[in-house]
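Colleague: I am new to this one and would like to know what stands behind the words used for it. Could you show me the structure and take my questions?

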Amino acid sequence: MNTGVRTSRLHTEAQAVAMLDHGMTIAIGEPTPMALVRQVIRQQLRDLTVIASGLALDLLIAGGCVRKTISYYAGGGFGVPVAPCFRRAAQRGEIEVWECEEGILTSGLEAAGKGLPFLPWRGGVGTSLPEINPDLKLMCDPINGETLLAVPAIKPDVALLHASVADVYGNVQHQGGPGWIDLFLQRAATHCIVQVEKIVPNEAIRAAPWATTIGRADAVVRLPWGAHPWYSRGWYVQDSAFLADYLAVATAAAERDQPAGLAEFLNRYCHEPATHADYLERVGLKRLLALHEY
């Protein structure tokens, strides 16, 4: 019997990440939910398969969390085509790399979201991708006879996303639309955790129903400035100086065997702050306020 009673899905960051476990497949959205990423490192989760890109993926590898990567872009930005910790771990065979590009990734996620074993895709046909990644199978289109790539379903256990606002019942709204891959991740994943800048009343959500991008997320977490050092649309821009600092110490560790700076960075910003609020204190109010979008 439906009593009409709604259940709050509001969690603390620790409660949300407690839904994860060693060996899971987790997907990281964009804009990046960095507060949850740091919590994953803080909880010392291990042997994860991580669907992510850029420096969020690199940071999780630096934190020792990753066994396998599924990524269309493992670059470091700032003129760095390949992120340093990813490069070192891949070259040493410390992580498994599931090669793909954007269309392959989204096809696999879409297959999982639709409950299909695979979906066909044109990208990669005529390249070495099927040789490098044996999970990708060349197939003959039974309708037109065209050679296509069969991409197996990619199903995350949990998707970690960042958005603008949500109510306590898990109804989420992104400012300016969702991150380009977020809805693929949410539909494919078994569970979805969304960190937001602000919790708003359910009345505010219902007043703009077409702005709701995700309904009934499994958990929502109020984490202002939670995407730092990345951006959050309508709230703040990315902290490029902070990202450059990480890239410098990660490069020193990966390419010059100087791990002290990276270890200090991880301790200062991931391990030592017990909560996201403690992390924000480390970053500093003046620095955060300087990242205003307008």
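Colleague: How do the residues lining the largest cavity divide into nonpolar, polar and charged?

Modeller: The lining has 13 nonpolar residues, no polar ones and one charged. Here Ala, Val, Leu, Ile, Met, Phe, Trp, Tyr, Cys and Pro count as nonpolar, Asp, Glu, Lys and Arg as charged, and the others, Gly among them, as polar. Do keep in mind that this is a predicted model, where local features need pLDDT of at least 70 and side-chain atom pairs count only at pLDDT 80 or more, while totals for chains, interfaces and linings use all residues. Residues are numbered from 1 along each chain as its sequence is written, and side-chain values use heavy atoms, with hydrogens and water left out.

Colleague: What makes a space a cavity?

Modeller: On a 1 Å grid over the protein atoms alone, a cavity is a set of points where a 1.4 Å probe fits but cannot get out, and lining residues have an atom within 4 Å of a point. The largest cavity holds about 110 Å³ of space, a volume being the space filled by probe spheres set on the points, which are joined across faces, edges and corners. Among its 14 lining residues, Met34, Leu59, Pro229, Phe242 and Phe265 lie nearest the centre.

Colleague: Why is the contact between Arg67 and Glu96 called a salt bridge?

Modeller: The term asks for a side-chain nitrogen of Lys or Arg within 4 Å of a carboxyl oxygen of Asp or Glu. For Arg67 and Glu96 the N to O distance is 3.7 Å, so the pair meets that cut-off. Arg67 belongs to strand β3 and Glu96 to strand β4, so the pair ties together parts 29 residues apart in sequence; strands are DSSP runs (E, at least two residues), numbered from the N terminus.

Colleague: How do you know that β3 and β4 pair?

Modeller: Two strands pair if DSSP finds at least two bridges between them. Four bridges join β3 to β4, so these parallel strands qualify.

Colleague: Why is Arg122 called exposed, and what is Glu146 called?

Modeller: Buried means under 20% relative accessible area, exposed over 50%, and partly exposed in between (1.4 Å probe, protein chains only). Arg122 has 57%, so it is exposed. Glu146 has 27%, so this residue is partly exposed. The side chains of Arg122 and Glu146 also meet in a salt bridge, at 2.8 Å from N to O.

Notes: 1 Å grid on protein atoms, 1.4 Å probe; cavity = no way out; pocket = protein on both sides within 12 Å on 5 of 7 lines; lining within 4 Å.
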